[in-house]
Amino acid sequence: MDVDEQFWTRIGGELPYWGVLAHEKFATPELDPERKAEFFDSGRDHIAYVVDSIRRHVVPEFQPGRALDFGCGVGRLVAAMAAQAGTVHGVDISPTMLARAEADLAALGVRNFALSTEIPEASFDWINSYIVFQHIMPAKGIALLEALLERLAPGGVVSLYFSIFRDREQ
């Protein structure tokens with residue numbers, strides 16, 4: 001297990017929700033039902049914005065069959081993407097995050113998903129990654145991005161987030 005896997009596996013076991021959204025209200029091993037709803041609602045809101053943007057600017061009839069969420073953590077965006085796609089595959093480096101995702105997605109009634117620590121050898125109509133790549137060293141991140149783009153189906157759509165500025169004073 002490399003250093004990144006060790007770190008995210010530890011975070012997934014100790015502070016899984018904070019590991020996804022680094023806010024003090026999520027800095028606890030378990031969330032009460034209200035906080036957990038707020039956490040997953042934020043994912044639904046984000047994905048609604050992304051899908052609306054795709055439909056307005058890229059593919060008006062966007063209806064993905066197969067989707068992939070890279071760096072899915074505890075499944076915050078997988079849950080929301082599952083309402084938009086036929087199936088969603090969540091990928092994360094941390095087995096502890098994926099175990100939490102499995103439990104939370106089942107509790108939310110989401111059934112059309114799969115989870116793994118590896119990018120599957122399949123093609124996807126929609127590939128998404130949000131607030132993930134800033135945690136990955138550039139050389140490794142470029143290789144992962146290439147692997148993701150190789151799996152984009154013809155006519156597919158990507159929604160990716162990359163940090164482009166960092167204030168060195170903070």
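## A quick tour of the sheet and its salt bridges

Let's start with a single residue: Glu 150 is exposed, with a relative accessible area of 64%. Keep in mind that this is a predicted model. Beyond that residue, there are two things to look at here: an open sheet of 5 strands and a set of 12 salt bridges.

**The sheet**
- The 5 strands line up in the order 3-2-1-4-5, with parallel pairing.
- Strand 3 (113-116) and strand 5 (152-160) sit at the edges with a single partner strand each, so one side of each has no neighbour in the sheet.
- From one strand to the next, the twist averages 20°.
- Strand 2 (residues 87-91) runs parallel to strand 3, and 4 bridges join the two.
- Across that pairing, Val 91 stands opposite Ser 116 in strand 3.
- Helix 6 (residues 138-150) lies across strand 1 (66-70), strand 4 (124-129) and strand 5, and runs at about 140° to strand 5.

**Salt bridges**
- Glu 150 pairs up with Arg 151, their closest N and O atoms being 3.9 Å apart; Arg 151 counts as buried, at 10% relative accessibility.
- Lys 140 forms a salt bridge with Asp 2, with the closest N and O atoms 3.3 Å apart.
- Lys 140 lies in helix 6 and Asp 2 in the segment before helix 1 (3-14), so this pair ties together parts 138 residues apart in sequence.
- Asp 4 joins in too: Asp 2, Asp 4 and Lys 140 are linked in a network of salt bridges.
- Arg 44 and Asp 41 form another salt bridge, at 2.7 Å between the closest N and O atoms; they are 3 residues apart in helix 3 (residues 33-57), so about one helical turn separates them.

Definitions and conventions
Residues are numbered from 1 along each chain as its sequence is written. This is a predicted model: local features need pLDDT of at least 70, side-chain atom pairs count only at pLDDT 80 or more; totals for chains, interfaces and linings use all residues. Side-chain values use heavy atoms; hydrogens and water are left out. Two strands pair if DSSP finds at least two bridges between them. Helices (H or I, at least four residues) and strands (E, at least two) are DSSP runs, numbered from the N terminus. Axes are lines fitted to C-alpha atoms, for helices over the stretch in contact, and angles run from 0 to 180 degrees between N-to-C directions. Contact means heavy atoms within 4.5 Å. A salt bridge is a side-chain nitrogen of Lys or Arg within 4 Å of a carboxyl oxygen of Asp or Glu. Buried means under 20% relative accessible area, exposed over 50%, partly exposed in between (1.4 Å probe, protein chains only).
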